[in-house]
Amino acid sequence: MHNKIRSLLTALGIIFGVASVIAMQAVGKGTQQDLLNQLKLVGVNNIMISQKIEDPTDKNSSKNNDPNHKPNTSFGLSMADGMILKDLIPEITRVSPEININAFAVYRNTGHEAKLIGVLPQYFTMLSRTFQSGHNFDSIQLSQTAAVCVISQEAKNVFFHGEPPLGHYIRCGTVWLQVTGVLDPILANDSAKKKPIASENKVEIYIPVKTVLTRFNDRSFITKARLNGGNDNEDDDELSKPDNKNYNQADKLILQVSDSKYMQTVADLAARILKRRHGGVPDFEIRVPEAELKQEQHTKDTFNLVLGIIAGIS
């Protein structure tokens with residue numbers, strides 16, 4: 001009887017140990033898949049430079065602690081920053097700004113909150129976005145600052161309900177935008193079932209960046225209204241009202257590097273150039289998403305290895 005119980009406990013130990021090892025391998029594969037999905041969202045070999053608005057009420061700010069502090073001047077993150085970085089750093093192959101505006105979009109009797117995103121045509125290539133129908137912005141549309149747009153799959157579903165969207169117009173504020181393209185959804189790398197990544201389920205409308213600056217709002221312009229903290233014309237469209245806290249022309253700059261081995265070097269050099277251009281004002285932050293995700297993956301792999309060893313011993 002005693003031997004039977006010992007044999008049973010030994011068998012259970014083996015069963016649970018093998019099951020634990022299999023479970024750890026499955027978890028490891030899942031984290032790798034998660035890494036691939038996140039890389040799809042940020043693109044490969046991309047560096048993200050984002051605006052950073054300093055809080056004037058921050059008591060830890062050096063200028064708030066020093067009454068004699070004379071603040072430096074910065075004109076914020078701009079398209080010119082991106083062009084200069086590309087000119088000075090040969091490893092940068094593509095650059096695109098990103099200007100974000102929240103708006104209420106309307107098509108016929110359907111209205112919905114939308115995110116307007118001002119970009120350059122290479123933006124879609126940099127983020128590995130493909131077109132379901134239609135086409136990218138062409139040179140004529142760019143030169144004429146045409147009121148055209150490319151929409152996400154979710155925007156197509158919300159506004160058109162199965163109707164072909166190409167050639168139709170969506171009203172954003174007082175501007176009518178003609179749909180010239182529809183993007184494919186970003187699908188998770190799941191061999192069992194291809195499904196859209198959660199962060200892709202947004203109503204997004206992509207517009208040529210110069211169209212955004214001329215027809216909607218260019219935050220880099222200093223006007224009397226902005227200096228007074230008000231609006232020149234109270235009847236102006238909501239999208240054109242100045243944002244007195246945000247003086248950055250661009251919300252983000254995306255840099256694509258020729259080879260991943262140059263990523264950190266390019267990021268460090270870009271930081272030094274921008275710090276000089278912005279007068280030493282820390283109004284931007286630089287991220288290397290691929291490096292961050294790989295570090296996160298390495299941490300998860302180490303954790304899974306430790307758990308696997310423990311499971312194997314058991």
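Before I start, one term: when I call a residue buried, I mean that its relative accessible area is under 20%. With that in hand, let me say that what we have here is a predicted model, and that I would like to begin with one helix before turning to the chain as a whole.

The helix is helix 6, residues 153-160, in which the buried residues are Gln153, Ala155, Lys156, Val158, Phe159 and Phe160. That is six of the eight residues in the helix, so helix 6 is largely enclosed by the rest of the structure. Just after helix 6 comes histidine 161, which takes a positive phi of about 50°.

Stepping back to the chain, it has 314 residues, of which 39% count as buried, and it is built with ten helices and ten strands. If we take the contacts with a separation of 6 or more, 75% of them are between residues 24 or more positions apart.

Now to the interior. In soluble globular proteins, nonpolar side chains tend to be buried together. In this model, the largest nonpolar core has 48 residues, and those with the most contacts inside it are Leu85, Ile151, Phe159, Ile170, Leu177, Ile205 and Phe216. The element that gives the most to this core is strand 2, residues 92-107, which supplies seven residues. There is also a second, separate core of 14 residues, and among its members are Tyr123, Phe124, Leu127 and Tyr206.

Leu85, which I have just named in the largest core, also brings us to a pair of helices, since it is one of the helix 3 residues in contact with helix 9. Helix 3 covers residues 79-88 and helix 9 covers residues 263-277, and the two pack at an angle of about 135° with their axes 11 Å apart. Because of that angle, helix 3 is oblique to helix 9, and the crossing of the two is right-handed. On the helix 3 side the contact is made by Ala80, Asp81, Ile84, Leu85 and Leu88, while helix 9 contributes Ala270, Ile273, Leu274 and Arg277. Sorted by class, this contact has seven nonpolar residues, two charged residues and no polar ones.

Let me stay with helix 9 for a last residue, alanine 267, which lies in that helix. Is alanine 267 buried or exposed? Its relative accessible area is 4%, so alanine 267 is buried. Leaving aside residues up to four places away in sequence, alanine 267 touches Ile47, Ile286 and Val288. Its C-alpha atom is separated by 9.1 Å from that of isoleucine 49, although these two residues are 218 residues apart along the chain.

Key:
Residues numbered from 1 in each chain as written. Predicted model: local features only at pLDDT ≥ 70, side-chain atom pairs only at ≥ 80, totals over all residues. Heavy atoms only, no water. Core = buried A, V, L, I, M, F, W, Y, C linked by side-chain atoms within 4.5 Å. Buried < 20%, exposed > 50% of the residue type's maximum accessible area, 1.4 Å probe, protein only. Helix = DSSP H or I, 4+ residues; strand = E, 2+ residues; numbered from the N terminus. Axes fitted to C-alpha atoms, helices over the stretch in contact; angles between N-to-C directions. Parallel < 35°, antiparallel > 145°, perpendicular 65-115°, else oblique. Left-handed = near helix turned anticlockwise from the far one by under 90°. Contact = heavy atoms within 4.5 Å. Nonpolar A, V, L, I, M, F, W, Y, C, P; charged D, E, K, R; others polar.
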